[in-house]
Amino acid sequence: MTLSLFDSQSQQLRAFEPITPGCASIYVCGPTVQSAPHVGHLRSAVAFDILASWIRFGHGFGVKLVRNVTDIDDKILVNAAAQGVEWQALAVSVEGEFNSVYQSLSADADLTPHATAYIIDMIALIERLISRGHAYQAADGSANVFFDSASWADYGELTNQAIESMEGEEVASHGRRRATDFALWKAAKSDEPDTAAWQSPWGLGRPGWHIECSAMTRSVLGEHFDIHGGGLDLRFPHHENELAQSRAAGFEFANYWMHNGLVTVGGQKMSKSLGNGVSVEELFEQGSAVAVRYWLASAHYRSTLDYSPSAVAEATAAVARIQNFVKRLPEMPTAVAASDLPSAFVVAMDADLNVPAALAVLHDSVRQGNVRLDSNQDAAPEARAVAAMLRALNLNLASEVSVDADLAARVEELIARRADARANRDFELADRIRHEISQLGVTIEDTQTKTTWSLNG
RNA sequence: GGUGGAGUGGCUGAGCGGCCCAAAGCAGCAGCCUGCAAAGCUGUAAAACCACGGGUUCAAAUCCCGUCUCCACCUCCA
């Protein structure tokens, strides 16, 4: 089976053929650590984690998933100043928030390079662009350096736009020649902290947005790598500019471009400027981390995903269904391989990561397994299939909240007393105990052999 | 104005020429289980006439033309 991916540059499905056989290099645009993460960031992280996970588990390739951290940027400086903190401190604390969310969603990258660690690489790249005639220092004598968009005939190739149609009303300024030229290096400003300025051949300053990704992909993955990903809203100008400057510098750059769809709230894009972002806290109040991950994966990665509390509730129910099947199993297989995957699942995943269709196969296996268990048949084949599919999707059902030991002991004791009462057919007492247990915020479930319990909500 | 994407049952959401009298999940209904519940499991209805109007084809949700509506990018954003 071959994996076909929708390449958003050529706008068609293409068979995935890695540059190095058996190895995939993926670069995904991570956060600019300026303010707390929101649902949109999580969707992107989960989408590309599933991509990496599928290539790794489903195809047995080695995968290097890189997700950068842009830790120097206008907004970081602005927000830090507004909060009266050092910009580095803000960047570090916001990054910490991102990391903890990524971790709870099982969406960690293999490598997370930071922009500020690659300033030297960026300066070298800018010098290279200048020497090749694709960049220029500002005519006003400042340290500003711009990419010369007119010098690069392919500018606009990623988003299929003609450069003439992009020049809006904006007047060239800061020594910039054309509206479509963009900053590679920004001169230091007097109202910005000294710590946010670096020495360069053009004077004190800091990198423009876009250049960090070109520098880091080259340093970390080389001049030619397999997949570049990110949110759809990064296609232009960010990725278009990245592509232009990298190609103009003489690099082949990415073979495939992938863009995940955006998250909306009530049909409107969730964005910082609209202020309608759903916070991570708010999201995690609606369901567990697994349920949230399931919800984020429940629509195809290129579709728009609309947020609502009930959507997460549905995901919670779907996850519970799978969990209940696993609970019913005498044993959940741990050592699974791609060969345990149902072929329909493989077909779905290979078709540009059709996770919704893959989840349908997962539920089919769960239902078939339940039927077998109901008739006291061995459900081991279904168990293996389910375990393998969960693994392929990197859905970790086990990540449950830990329970206070004292509470657990009390509940266990009450359940034992209730069991005695039921054995003695003293149902009035049994019901009183059940009520008492519910007062502890715990729901119990009777099965044929035992009583299980779980925390409410 | 330019560049893309979308409109499928009560809801979410796949399918993108014949396997579709349209997957899966949720909700609904019924049965099983239970001391009773809850939970769970199983099964299952409906006009889903696949936004609307034409067309191509032996065959269309799927292709073509037109219309309507919605969304995104073209400014910082995953």
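Reader: How far does a polar side-chain atom of Trp-209 lie from a phosphate oxygen of RNA strand B?
Author: The model is predicted. Trp-209 is among the residues that come nearest to RNA strand B. Its polar side-chain atom lies from a phosphate oxygen of that strand at 3.0 Å.

Reader: Which residues come nearest to RNA strand B, of the 57 around it?
Author: The strand has 57 residues around it. Five of these are named as nearest: Trp-209, Gly-231, Leu-234, Lys-269 and Asp-374.

Reader: What share of the RNA strand B atoms within 4 Å of the protein belongs to sugar or phosphate?
Author: The atoms within 4 Å divide into two groups, sugar or phosphate and bases. A sugar or linking oxygen, for example, is 3.0 Å from a polar backbone atom of Thr-159. Bases make up the rest, and the sugar or phosphate share is 64%.

Reader: Which element gives the most residues to the surface near RNA strand B?
Author: Elements giving two or more residues there include helix H1 (39-59), S9, helix H10 (309-328) and strand S14 (442-446). Arg-367, which lies in helix H12, has a backbone N or O atom 3.2 Å from a phosphate oxygen of the RNA. With nine residues, the element that gives the most is H12.

Reader: With which residue does Arg-367 form a salt bridge?
Author: The two partners both lie in helix H12 (residues 355-374), three residues apart, about one turn of the helix. Arg-367 is partly exposed at 42% relative accessible area. Its partner is partly exposed too, at 32%. The closest N and O atoms are 2.8 Å apart, and the partner is Asp-364.

Reader: Why are Glu-428 and Arg-432 separated by about one helical turn?
Author: The two residues form a salt bridge, with the closest N and O atoms 3.9 Å apart. Both are exposed. They are separated by about one turn because, in helix H15 (residues 427-439), their spacing is four residues.

Reader: Which residue meets Glu-157 in a salt bridge?
Author: Glu-157 sits in the loop between strand S6 (145-147) and helix H5 (163-166), and its partner in helix H7 is 90 residues apart, so the pair links distant parts of the chain. Glu-157 counts as partly exposed at 24% relative accessibility. The partner is partly exposed as well, at 27%. The N to O distance is 3.1 Å, and the partner is Arg-247.

Reader: How many salt bridges does the count come to?
Author: Some share partners: Asp-74, Lys-186, Lys-189, Glu-192 and Arg-206 are joined into one network. The count comes to 20.

Reader: Which strands stand at the edges of the open sheet?
Author: Four strands form this sheet in the order S4-S3-S9-S10, with parallel pairing. Each edge strand has a single partner, so one side of each is left without a neighbour in the sheet. Neighbouring strands are turned by 25° against each other on average, direction ignored. The edge strands are S4 (62-67) and S10 (253-260).

Reader: Which residue in S9 does Tyr-27 stand opposite?
Author: Strand S3 (residues 23-28) and strand S9 (residues 224-231) pair in the parallel sense over three bridges. Opposite Tyr-27, in S9, stands His-228.

Reader: Which helix packs on the sheet, touching S3, S4, S9 and S10?
Author: Helix H7 (residues 235-248) lies across S9 and S10, at about 175° to S10. The helix touching S3, S4, S9 and S10 makes about 155° with the direction of S3, and spans residues 211-221: H6.

Conventions: Residues numbered from 1 in each chain as written. Chains lettered and ligands numbered in written order. Predicted model: local features only at pLDDT ≥ 70, side-chain atom pairs only at ≥ 80, totals over all residues. Heavy atoms only, no water. Pairing = 2+ DSSP bridges. Axes fitted to C-alpha atoms, helices over the stretch in contact; angles between N-to-C directions. Contact = heavy atoms within 4.5 Å. Salt bridge = Lys/Arg side-chain N within 4 Å of Asp/Glu carboxyl O. Buried < 20%, exposed > 50% of the residue type's maximum accessible area, 1.4 Å probe, protein only. Near = heavy atom within 4 Å. Polar contact = N/O pair within 3.5 Å; in protein donor to acceptor, adjacent residues only side chain to side chain.
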